[in-house]
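Colleague: Thanks for making time for this. Could you walk me through the model, one question at a time?

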Amino acid sequence: MQPTPTPAYVIGIDYGTDSVRALLVDARTGTEAAQAVHPYARWKTGQFCNPTRNQFRQHPLDHIEGLEAVVRRVAQHVPAEQVVGLAVDATGSTPGPVNAQGVALALTPGFEDNPNAMFVLWKDHTALAEAAEINHKARTWGGKDYTRYSGGIYSSEWFWAKIMHILRKDEAVAAAAHSWMEHCDWLTLLLTGGDLATFKRSRCAAGHKAMWHASWGGLPAEQFLEHLYPKLAGLHNRLFTETYTADEVAGHLSEEWAQRLGLTTNTVVAVGSFDAHAGAIAGEIEAYSMVKVMGTSTCDIVVAPTAEVGDHLVAGICGQVDGSVIPGMLGLEAGQSAFGDLLAWFRNIVEWPLHHVLPDSKVLTPGLQDALRDEMSDALLVKLSEAAAAVDPAESAVLALDWVNGRRTPDANQALKGALMNLTMGTNAPQIFRALVEAICYGSKQIVERFEAEGIPIKQVIGIGGVAKKSRFVMQTLADVLDRPIRIAVSEQAPALGAAMYAAVAAGIQPDVQTAQKAMGSGFAETYLPNPARVDDYAARYAQYQAFGRFVESATSGPDAPVMETETPAITTA
């Protein structure tokens, strides 16, 4: 008779855009024991952000407070010694400056309220000029093109562009910043209390966003960084050379953090990762699957055998990195800068009276005003989705572009703007909402087509994230536009579950990531099948979307822009 194994649990900690969540699971079976979510207090009130300038910064205190809150809440469900490992995933690229001890600059005297000393969130696009400069100089400096494994186009959403922008803008931060860390790395260093100089940086983060590649010995050469911007001189040696996959051990919980979290110093801490890549693991990604992580934005993750892809480079994506998702396989990333964010933008437009007219009410007390505002806000997207689903496409020619936050892929261009066309006096809110939903689906179709045009077949599509779980209208529209089935993963907290799988491997409970996927995966809830009656209509509208996109993109290039190939050129930019 086999002895009963000692209970072993792992915690996946997922840092999203608005909140952090922790998931406590059985490290052998993936059975969920507890979960907790904590919204970022400062972020919730808009502190340190300026949407009109595309500035989105997060204070590390939000992250620390959330970490303690969620981990303590889930850890109390089992004896501390049974929690054998944990791992952190986070949004990215979200870098921040640190001092020589690895302390986030915003936690040091004089920088507490300085947005430039905080973490620069993935959706911050203040570095547009720097990204353009990196792209130009990478092609003209006479050496290696360090963007070649990043899809050939460097984005303002990524590591070096953001660092250049902050160094140019803020001399105090430039002088005080000893180094810079991706959010997932900084949190892992915080938990382990390790030495910054020897700390194990994330392969996932460095390969996709910091132009790290083994073929040129790690990060871009010091000479190239100085060529980009003189103040980058010396930073190369204060960063890192080696990177590590997310199934490896970064260290153990420090005494301080074991106490603060109610755990022990025997708890293994795995190397950090990005949320989408961890989510793809929980989505049971396999070769040539595309896992669409659908939330405020999308990340589309594909893995492929390295030997089969060989030296082929896929143009216009967010990088291809050995081991960034599954060790031993090539991870390829694409995505859209606005997905749920586009729908939330429209909801905010429609909600304007709730915030600017309702407070002037002479009938309702402030308490009733708040209750009514909350009730209507919660119901708005649901009602819009129901009404939009009932719209007959033949009766609405409204067409939208999904670039309200720029275009991530294919072919990054964060300077692009969203747009609407074919508005009439008869156009209503559900028709516009439907056009926005269709637009994000058309954007997804362009990504699938780019992969396949570049020789990477997409054999199945898997949806995870809030939109995938909550919006039947969006998912059915996506299946119709892609003309492909879409499987929806069961897990409500897929990135946290993926991080827990990494932790189970790092702690030695699971032998490798693929075994952990099979043992700990939660399976699929349902499959959306394309509606044959809609597929041809959407194919025609997709062609119009592409023509609209070419017109808007070329219209920003100068007075010689071509006329749009459509019978209805009237446009209202969003």
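**The sheet, the helices and some unusual backbone**

Modeller: Happy to, and let me begin with the sheet: seven strands make up an open sheet of mixed pairing, ordered E14-E15-E13-E12-E18-E19-E20. Please keep in mind that this is a predicted model.

Colleague: Which strands are the edge strands of this sheet?

Modeller: An edge strand pairs on one side only. In the order E14-E15-E13-E12-E18-E19-E20, that leaves strand E14 (320–322) and strand E20 (524–528).

Colleague: By how many degrees are neighbouring strands of this sheet turned against each other on average?

Modeller: Direction is ignored for this value. On average, the turn between neighbouring strands is 25 degrees.

Colleague: What is the bridge partner of Pro 305 in E15?

Modeller: Strands of a sheet pair through backbone hydrogen bonds, either parallel or antiparallel. Here strand E13 (residues 298–305) and strand E15 (residues 329–336) run antiparallel, with eight bridges between them. In E15, Pro 305 is bridged to Met 329.

Colleague: On to the helices. At roughly what angle do the axes of helix H12 and helix H14 cross?

Modeller: Two packed helices are described by the angle between their axes and the distance between the axes. Leu 343, Phe 346, Arg 347 and Val 350 of H12 meet Ser 377, Leu 380, Leu 381 and Leu 384 of H14, and the crossing is right-handed. The axes of H12 (residues 340–350) and H14 (residues 366–389) come within 10 Å, and they cross at roughly 115 degrees.

Colleague: Now the backbone. Is Ser 93 buried or exposed?

Modeller: Ser 93 sits in the loop between strand E5 (83–90) and strand E6 (95–98), and the peptide bond leading from Gly 92 into Ser 93 is cis, with omega near 10 degrees. Its contacts beyond four places in sequence include Trp 122, Trp 158, Lys 209 and Phe 274. Because its relative accessibility is 1% and the cut-off for buried is under 20%, Ser 93 counts as buried.

Colleague: Which residue has its backbone nitrogen 3.2 Å from a polar atom of the Ser 93 side chain?

Modeller: Among the residues that Ser 93 touches are Glu 157, Trp 158 and Phe 159. The backbone nitrogen lying 3.2 Å from a polar atom of the Ser 93 side chain belongs to Phe 159.

Colleague: Where is Pro 410 found?

Modeller: The peptide bond from Thr 409 to Pro 410 is cis, with omega near -10 degrees. Most residues other than glycine have a negative phi, and most peptide bonds are trans. Pro 410 is found in the loop between strand E16 (399–401) and strand E17 (419–421).

Colleague: Is Asn 422 buried or exposed?

Modeller: Asn 422 lies in the loop between E17 and helix H15 (429–453), and it has a positive phi of about 70 degrees although it is not a glycine. Since its relative accessible area is 17% and buried means under 20%, Asn 422 is buried.

Colleague: One last thing: what is the mean pLDDT of the chain?

Modeller: Over residues 559–574 the pLDDT is below 50. Across the chain, 96% of the residues reach 70 or more, and the mean pLDDT is 93.

How values were computed:
Residues numbered from 1 in each chain as written. Predicted model: local features only at pLDDT ≥ 70, side-chain atom pairs only at ≥ 80, totals over all residues. Heavy atoms only, no water. Helix = DSSP H or I, 4+ residues; strand = E, 2+ residues; numbered from the N terminus. Buried < 20%, exposed > 50% of the residue type's maximum accessible area, 1.4 Å probe, protein only. Polar contact = N/O pair within 3.5 Å; in protein donor to acceptor, adjacent residues only side chain to side chain. Contact = heavy atoms within 4.5 Å. Pairing = 2+ DSSP bridges. Axes fitted to C-alpha atoms, helices over the stretch in contact; angles between N-to-C directions. pLDDT = per-residue confidence, 0-100. Left-handed = near helix turned anticlockwise from the far one by under 90°.
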